[in-house]
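Welcome! Here is a short tour of one protein model, taken topic by topic. Keep the picture open while you read.

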Amino acid sequence: MHLTMMHMGIIIATLVCVIGIGIYSSRSVRSAAGYSVGGRSAGAPLVAGSIAGTVVGGGATVGTAQLAYHFGLSAWWFTLGSGIAFIIMGLFYAKKMRGTGLETIPQFLAMHYGKKAEELSSVISSIGILFSAVASCLPGIEIVAEVFHVDAYTASALLILLVAAYTFFGGMKSAGIGGMLKMGIIWVALFIAGWEAFQTVHETAAWSQFPAAQFSLFGRGAEPALANLFSVLVGVLCTQTYIQCIFSADTPSTASAGCFLAAAIVIPVGLPSVAVGLYMQTLYPDIQPIMVLPTYLINEVHPLLGGLAMGGIILSLIGGIGGLTLGIGTMITRDMIVPLCRMTDDRKMLTVNKLTVLFVMLLACFIAILNRGSEVLFWTYISMALRGGGIFLPLTLAVFWPGHVKRGWAVLSMLGSTAAALLTATVVKLTIDPLFVGLIVSALLLLPGIRMKK
C-alpha cells in the first residue's frame, strides 16, 4: 500500500471523531446495567446501530473481500445470512426475550433449565464469541501494522487501545452510537469505492475472463454455501452480543424494529467487498489475500474516499471486537463472577465488567497473533458452529415451547453437542459441517427429555 499524508490525516480524523463522540456519550453511564444494556432506553436506530456495528466487522468487510478474491459472489453469504437471521430474530425472538427484562442468554436459559444451564451456556457462548473476535483481530492487526508501520505486537497494542476507547468506557451506549456513525461512513465510502470497482471490471475484458461460478452464490457448491448460511443463521440467533442489543431496547416492539433495521443495513454491505475482490483478482494476482480490501482503498481510489473508507474499515474492526468482547464480558461477569463472589455492590460490578472486557480483548489479540495468515471467515464460521450447536435448540425450545424439556437433558444436550462440534472441527475433521454434527447430537440428547405436558 502507498499511504499519503492525506490518507493518514483522514484515517486519524475519522477515528478520533467517531471514538470521541462515543466517549462523550458515555458520561451518563454510571451503573452496571447502564454499561451492559444501556439502561434499557435505546430506540430502534440505536439497537440497529449496536447490532450492525458489531456484525459488520472483519468478516463482513475484509474477510468477504478476501474470500471473494478466490471465489467471487459466494463470499456474500456472511452478510446476507446475517441479515436474514436478524429478520428471523425480529419476527420471532426479539419481543419474547426483551419482555423478560434480563441481560444475558444464560440468564434466560437459567429460567427454564436451572443454574447449571446458565453456567455451561456462559462458557460455550464465550468460547464461540471469542473466535468471532479473533476474526476481527486478524485483519485489524495487519491493517494497523501496515498503516502505522509497526510490528505485529505493537499493532496489537494499538488495536486494543482503539477498541478500549470505542467500548470500554461506555459499554453498550458507546457501541450503539459508534455503530451508527461507523455504518454511515462505510455505507457512503465503501459503496462508492465498490461501485467504481464493479464498473471497471464490467467495462473491461476482465469480466468475460471470469468463470461463471464467480458470479453465483453457489460458486463453491450448494452444500458448503447452505452450510455457511445455516451456520450464520443459527450462530447469530445464539449470540449474546446481538441478544444484548435487544435487551437494551426500551420496549419489546422497539427491539423487533431494531432487528429489521439492522437487517436492511447489513445485507447489502458485503456486495462492494465482493466487487473489490473480483477487481483485485485481475490487477493484483500475487497480493496477500487478507490485504485485498485495504490495498484497493489506498492504491486504487481517490485519497479522500480511500482514507474515509479505511477509517470506516478500521472502525468496523474495532467495533466488531468491542461489541463481541462486551458480550463475553457481560456473560462472565453476570453469570459467573457475580454469583460466585455474591457481589451486590453495583459500582464493583461495573468495574469487574470493564476489566473482564479488557482481558477478553487481550486474549483475542493474542490468539490472532498466534494464527496470523489464517482465513478470517474460517474463524467466523467455526464460531457460529460452536455457539449454534450447543445453544440453538435448547434456546429455541425455551422461547417457543417452555416447560417441555427436562433440565438435566437440556444441560446434557448443551455439553454433548458442543463437544461433538468442537471435535469435528479440530480433531476428527469429518466432511460434514461441525454445526450439523452439533445440532444432530443436541437433538438426540433432547429427545429423551421432552415431555408433552409442562
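The structure holds nine aromatic pairs. One of them joins Trp 187 and Phe 191, whose rings are stacked, with 4.6 Å from centre to centre and 25° between the planes. Keep in mind that this is a predicted model. Below we look further at the aromatic rings, then at salt bridges, a covered helix and two helix pairs.

**Aromatic rings**

- Where do Trp 187 and Phe 191 sit relative to each other along the chain? They are four residues apart in helix α9 (residues 172–203), so about one helical turn separates them.
- A general rule helps here: an α-helix has 3.6 residues a turn, so residues three or four places apart point the same way.
- Trp 187 counts as partly exposed because its relative accessibility is 33%.
- Phe 191 is also partly exposed, at 24% relative accessibility; the cut-off for buried is under 20%.
- Elsewhere, Phe 92, Tyr 93 and Phe 400 come together as one aromatic cluster.

**Salt bridges**

- How many salt bridges are there? The count comes to two.
- One of these links Glu 118 with Lys 115, and their closest N and O atoms are 3.0 Å apart.
- Glu 118 and Lys 115 are three residues apart in helix α7 (residues 115–148), which puts about one helical turn between them.
- Is Glu 118 buried or exposed? Glu 118 counts as buried, because its relative accessibility is 7%.
- Its partner Lys 115 has 40% relative accessibility and so counts as partly exposed.
- Glu 142 and Arg 372 also meet through their side chains in a salt bridge, at 2.8 Å from N to O.
- Glu 142 lies in helix α7, while Arg 372 is in the loop between α17 (346–370) and α18 (376–400), so this pair ties together parts that are 230 residues apart in sequence.
- With 11% relative accessibility, Glu 142 counts as buried.
- Arg 372 is partly exposed, with a relative accessible area of 46%.

**A covered helix: α3**

- What span should helix α3 (residues 44–55) have? With 12 residues at 1.5 Å a residue, α3 should span 16 Å, and its end C-alpha atoms are indeed 16 Å apart, so the two values agree. If you multiply it out yourself, remember that the expected span uses one less than the number of residues.
- Helix α3 is mostly covered, since 11 of its 12 residues are buried.
- Among the buried residues of α3 are Leu 46, Val 47, Ile 51 and Val 55. The buried set also includes Gly 49, Ser 50, Gly 53 and Thr 54.

**Helices that pack together**

- Helix α19 (residues 407–428) and helix α20 (residues 434–446) have axes that come within 8 Å and cross at roughly 155°.
- Why do α19 and α20 count as roughly antiparallel to each other? Angles over 145 degrees are classed that way, and theirs is roughly 155°.
- The crossing in which α19 passes α20 is right-handed.
- Helix α15 (residues 292–299) packs with helix α16 (residues 303–341) at an angle of about 155°, and their axes are 8 Å apart.
- That angle makes α15 roughly antiparallel to α16.
- Which hand does the crossing of α15 and α16 have? It is left-handed.

Conventions
Residues are numbered from 1 along each chain as its sequence is written. This is a predicted model: local features need pLDDT of at least 70, side-chain atom pairs count only at pLDDT 80 or more; totals for chains, interfaces and linings use all residues. Side-chain values use heavy atoms; hydrogens and water are left out. Helices (H or I, at least four residues) and strands (E, at least two) are DSSP runs, numbered from the N terminus. Buried means under 20% relative accessible area, exposed over 50%, partly exposed in between (1.4 Å probe, protein chains only). Rings of Phe, Tyr and Trp (its six-membered ring) pair if their centres lie within 6.5 Å; planes under 30 degrees apart count as stacked, over 60 as edge-to-face and the rest as tilted. A salt bridge is a side-chain nitrogen of Lys or Arg within 4 Å of a carboxyl oxygen of Asp or Glu. Axes are lines fitted to C-alpha atoms, for helices over the stretch in contact, and angles run from 0 to 180 degrees between N-to-C directions. A crossing is left-handed if the near helix is turned anticlockwise from the far one by less than a right angle, and right-handed if clockwise. Angles under 35 degrees count as roughly parallel, over 145 as roughly antiparallel, 65 to 115 as roughly perpendicular and the rest as oblique.
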